[in-house]
Amino acid sequence: MRRIAFLVIGALSLTVLAAPADASTVTQVRFTPQPVLAPKVPATKPGEPVKIDQEVKALGSVALEMSATQTAYVRSVMRANSATYRSLFDNEVRCTWPGGEQSYVTGQNVLQQGASLEPEKEDVQLTTRFLVHPGVATKVTCTAYVRAATMRDTLDARFQLHDGFLEFAATSVANTADGLPAQRATPRGLVRVGPDPQVVAREPALPYFTLAPGFTKLSVFADTEYKTCYPVKDKDCTKPPSSTATFTLFVNQWNGDRLCQSSNATTTTRRMSYSVHHHYVALHLPDFKVRTDCEQRFNAYVLVKWQDGMDGGVQGTAIGLTDSRGSATTHNAGMSHVFVVPLKS
């Protein structure tokens, strides 16, 4: 049944977008099922900071010739299971062109098969999706990478990449009136969510943007990475209790500074254990109706509210990811983010 669900989810996601482009411009690659190494924590001397050795494995690439004004929607789906020990599992997509790059990553621990208290976390599916806009006429190549590591320092772990694909789900997505995609990633850092007094996060958040007339609805996507423990001095984050929070995607349309209409995706409540460490929460509002009696001015954000357990936080852009295992070169990748696909039908 899980295999069937995987294929259906991919098919349904495509239907929310505009009609597909000419077949000659749409490319997709499926990933070969394969074992993935999750390296152990490297040994360090007393007083040295903890180091992470992360496997970075390319799974496939797609390419698209794009104009200076063109924006495309790229999506990577990966499923992992059969872990020999709790392992970090990241789905990263790096889109590159001469002189430019745009990268996003989502991640969540996959737990040891048959030996965890959360069997549903032993089989994990992650989607990394975003809008790519080079801003110049060029060929854009997007490559999907699985990233992996384990936090124990005695033995390496492994898990199985069960299935997945990378594709341009849409090759032409409408931009804002400023000629840019309606997209924003949470900046670097960790936005706290917790009690005493209650602290909420409105991240990821897309500030006000304006569209040209003629769009009838918006398809709004929001992917949140939530860390189950907000670290502060003298706080033990090694074995904290679970963290429970609610996530709601809000989309608003405005007349000047006056709210004209608001809609939200169904609120989801997640109880998140530290053994999973950081959690991928995907929200989608596929059919936000654009009112013609309002200005074509919008914003969107995810409201994250603490409910119980440990305080946590919304993860911002990942800084200094290694380009390959053991490389000295690094790059940054967006994590929590929100983007909009405007539609005319």
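Is Tyr104 buried or exposed? At 7% relative accessibility, Tyr104 counts as buried, since the limit for that word is under 20% relative accessible area. Keep in mind throughout this tour that the model on the screen is a predicted one.

**The aromatic pairs**

With Tyr73 and Phe221 selected, you are looking at one of the 10 aromatic pairs that a search of the whole structure finds. The ring centres of Tyr73 and Phe221 are 5.6 Å apart and the planes meet at 45°, so this pair is tilted. Because Tyr73 belongs to strand β4 (residues 72-81) and Phe221 to strand β13 (residues 217-227), the pair ties together parts that are 148 residues apart in sequence. Tyr73 is buried, with a relative accessible area of 0%, and Phe221 is buried as well, with a value of 1%.

Go back now to Tyr104 and select Phe130 along with it: the centres of these two rings are 4.5 Å apart and the planes are at 25°, so the pair is stacked. Tyr104 lies in strand β6 (residues 100-110) and Phe130 in strand β7 (residues 123-132), so this contact ties together parts that are 26 residues apart in sequence. Phe130 is buried, with a relative accessible area of 0%.

Before leaving the rings, add Phe339 to a selection of Tyr73 and Phe221, because ring pairs link Tyr73, Phe221 and Phe339 into a cluster.

**Charges over rings**

Next, select Arg152 together with Tyr85, where the charged end of Arg152 sits over the ring of Tyr85, at 4.2 Å from the ring centre. Then select Lys344 and Phe215, where the charged end of Lys344 sits over the ring of Phe215, at 5.1 Å from the ring centre.

**A contact between two threonines**

Move on to Thr248, a residue of strand β14 (residues 243-255). Thr248 is buried, with a relative accessible area of 7%, and a polar contact of 2.5 Å joins the side chain of Thr248 to that of Thr267.

**Backbone stops**

For the backbone, begin with Asp196, which is placed in the loop between β11 and β12. Asp196 is exposed, with a relative accessible area of 74%, and its phi is near 60°, a positive value in a residue other than glycine. A cis peptide bond, with omega about -15°, joins Asp196 to Pro197, and Pro197 is likewise found in the loop between β11 (190-193) and β12 (201-210).

Follow the chain into strand β12, where Pro204 is found, and inspect the peptide bond from Glu203 to Pro204, which is cis with omega near 0°.

Then select Asp234 in the loop between β13 and β14. Although Asp234 is not a glycine, it has a positive phi of about 65°, and at 77% relative accessibility Asp234 counts as exposed.

**A patch on the surface**

Finish by showing the surface and selecting Val50, Ile52 and Met151, which form a nonpolar patch there, with about 330 Å² of accessible area together. Of these, Ile52 can be found in the loop between β2 (34-38) and β3 (55-66).

Note on methods: Residues are numbered from 1 along each chain as its sequence is written. This is a predicted model: local features need pLDDT of at least 70, side-chain atom pairs count only at pLDDT 80 or more; totals for chains, interfaces and linings use all residues. Side-chain values use heavy atoms; hydrogens and water are left out. Patches are made of residues with over 30% relative accessible area and no salt bridge: like charges are joined within 9 Å, nonpolar side chains (Val, Leu, Ile, Met, Phe, Trp, Tyr) within 5 Å. Accessible areas come from the Shrake-Rupley method with a 1.4 Å probe; for residues, only the protein chains shown count as cover. A salt bridge is a side-chain nitrogen of Lys or Arg within 4 Å of a carboxyl oxygen of Asp or Glu. Helices (H or I, at least four residues) and strands (E, at least two) are DSSP runs, numbered from the N terminus. Rings of Phe, Tyr and Trp (its six-membered ring) pair if their centres lie within 6.5 Å; planes under 30 degrees apart count as stacked, over 60 as edge-to-face and the rest as tilted. Buried means under 20% relative accessible area, exposed over 50%, partly exposed in between (1.4 Å probe, protein chains only). A charge sits over a ring if NZ of Lys or CZ of Arg is within 6 Å of the ring centre and within 35 degrees of the ring normal. A polar contact is a pair of N or O atoms within 3.5 Å; within protein, one must be able to donate a hydrogen and the other to accept it, and residues adjacent in sequence count only if both atoms are side-chain atoms.
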